[in-house]
Structures are given as structure tokens and as C-alpha cells.
Amino acid sequence: MSASVSTLEGMFSCAGQVAVVTGGATGIGRGCAEALAAAGATVVIAGLAASEPERAAQEIRDDGKTAIGMDCDVTDGASLTTLVQGIVERFGRIDTVLANAGAALDDPSAPDDLEDLDRMFDLHVRSVVRLSQRALPIMADGGGGAFLVMSSLSGLRGNRAIGSYGITKAANAQLARNVAVQWGPRGIRSNALSPGVIATDFARPITGDPDAARTRLGKTPLGRFGTPAEIGAAVVWLASPGGAFVSGQNIVIDGGTLAAD
């Protein structure tokens, strides 16, 4: 994918791409799927059946864009194999992967619980390794592409109540760096994204609690929460020719929270 594009619009186009977003039916994943579709990609929304990925895809199609939904449990290797094989059988290629599926499974009263840590390693790290093993060879054989991992500001700071979540998000950002080094010679760009607090149902314990919201906003220089569309815009940049020389990075999108004193 070349950055030699004659127009600004072309620099940030994903036209012709097949882009896969895990956990793409809701929240940040949904915002990223919508952004990729708006940039011209054919988007595959993968998610647990309960999240209704095909319903989300239909809503994108209703907006005149191209998307399909596929049921997938990213913690199950066979389910990931079915996902990747199904995409290749239908479209013949994969150009962009956003490994976004995740959850905060910590027990706040026991943030260092090893069972929580094991479950979140499976969801945030092992699942991304499994997906990379299946998707990266296909992407490389097709000429390269973008492998993106949704990390978190929690992986860059200490956490009182979501320790296992933060540990595993730090680990998946390192995984993105490893992929950048290991697969760069075959045309793969790999980056992590680390959102701060984004206004989704996932963040409602903060955004919906006046005291918690006031505390967090007081530590955020821009003084507001982010939106899924703002994360989606960064994903489009990294997936498009405009991001063709960006690899091995962890892009922090947090309104300045990490930089604040």
C-alpha cells in the first residue's frame, strides 16, 4: 500500500480494502467499523452472537456502506479459523485487522486476582496472537496491510481497581510492536491504539457517575470524554496510505490525560 497518492482524500481512503474488526458491534469497535466503512472499506464486523454483529453490519449497509457481520468468539481458536477462512472464501483477501475485542473482567475488590488475570490474558493477548497467526500470512501474501491492536491508557498507568486489565493491555501493545518488527519485511504495519475514557457503555461507570466523571475530567486537559468516532478516525489513518510509514507505535488518544501533571 503506497503513500504516493495525489490527493488528500486519497491519502485517507480505504477503498478496495477488506477490514476486519473484532468486537465491532458495539462501543469503540462499532465506531471504528463505521469509520472504515465510511473510508471505503468492506468491513467485516466480528463479535459474539449476543452482540448481534450482523445487525450492526446491516445498519452500516442501511447507510450505503459495505459491511457484513460474522459471529466469532476470539478466545476460541476454531472460531477464529472459521472467521478468517470465511472472509478469504468470500472476499479473497484481508487488508486491515483491528483486534478490538475486550472486556474489563476484574473484581475491583481483588485487582490482582490470578483467575481474572488468566481470563483477560486469554481475551486481550492470546486471542490476538491466535488471530495474528491466522490473518498475517494471508495479509502478507496479498501484499501487506495494517494489523492494529486496541490497547488502553490503562496499560500505560498504574491502576487501583483494574490491575489485570491494565497488565494485559500493556502486553497487547507489546505484541503490536513485536508484529511490526517480525512482519514488517513482508509489508505489515502494526500499531496499538490506547484510548482514554471514551463515551461508551463500557465507560459508563465513569461517565455516568457525576463524582467519577468530575475527577477524571479534572485530570484531562481537554476537559471532555472522547468519542468512538475519534478512535475510528485514528484507525482509518493507520489503515490508509496516509499511515503507510507508521509502524511499531502505541497511539495514545486520551485528551491529554497521560501528559497531565
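1. Which residues does Ile45 touch, not counting residues up to four places away in sequence? In this predicted model, Ile45 touches Val21, Gly24, Ala25, Ala33, Pro53, Ala56, Ala57, Ile60, Ile68, Gly69 and Met70. Ile45 is also listed, together with Leu36, Val43, Leu98 and Leu193, among the residues with the most contacts inside the largest nonpolar core, which has 33 residues.

2. As to where this core draws its residues from, at least two are supplied by each of strand E1 (18-22), helix H2 (27-38), strand E2 (42-47), helix H3 (53-62), strand E5 (145-150), helix H9 (228-239) and strand E7 (250-253). A second core of 30 residues is separate from it and includes Leu123, Val149, Leu175 and Ala176. As general background, nonpolar side chains in soluble globular proteins tend to be buried together.

3. Strand E1 deserves a paragraph of its own. Because 5 of its 5 residues are buried, E1 is largely enclosed by the rest of the structure. The burial applies to both faces of the strand, with Val18, Val20 and Thr22 on one side and Ala19 and Val21 on the other.

4. The strand pairing of E1 can be followed through Val20. E1 and E2 run parallel and are joined by 5 bridges, and in E2 the residue that stands opposite Val20 is Val44. Between these two strands the chain passes through H2, and the resulting β-α-β crossover is right-handed. E1 also runs parallel to strand E4 (residues 96-99), to which 3 bridges join it, and here the bridge partner of Val20 is Val97.

5. The structure holds 1 aromatic pair. The ring centres of Tyr165 and Phe202 are 6.0 Å apart and their planes lie at 35°, so the pair is classed as tilted. The two residues are 37 residues apart and link distant parts of the chain, since Tyr165 belongs to helix H6 (residues 163-183), whereas Phe202 lies in the loop between strand E6 (188-195) and helix H7 (204-207). Tyr165 is buried, its relative accessible area being 8%.

6. Is Ser152, in the loop between E5 and H6, buried or exposed? With a relative accessibility of 7%, Ser152 counts as buried, because the cut-off for that class is under 20%. Leaving aside residues up to four places away in sequence, Ser152 touches Tyr165, Lys169, Leu193, Ser194 and Pro195. Two of these contacts connect with earlier points, as Tyr165 is a member of the aromatic pair and Leu193 is one of the residues with the most contacts inside the largest nonpolar core.

Technical notes:
Residues are numbered from 1 along each chain as its sequence is written. This is a predicted model: local features need pLDDT of at least 70, side-chain atom pairs count only at pLDDT 80 or more; totals for chains, interfaces and linings use all residues. Side-chain values use heavy atoms; hydrogens and water are left out. Rings of Phe, Tyr and Trp (its six-membered ring) pair if their centres lie within 6.5 Å; planes under 30 degrees apart count as stacked, over 60 as edge-to-face and the rest as tilted. Helices (H or I, at least four residues) and strands (E, at least two) are DSSP runs, numbered from the N terminus. Buried means under 20% relative accessible area, exposed over 50%, partly exposed in between (1.4 Å probe, protein chains only). A nonpolar core is a set of buried Ala, Val, Leu, Ile, Met, Phe, Trp, Tyr and Cys residues joined through side-chain atoms within 4.5 Å. Contact means heavy atoms within 4.5 Å. Two strands pair if DSSP finds at least two bridges between them. A crossover is right-handed if, with the strands pointing away from the viewer, the path from the first strand over the helix to the second runs clockwise.
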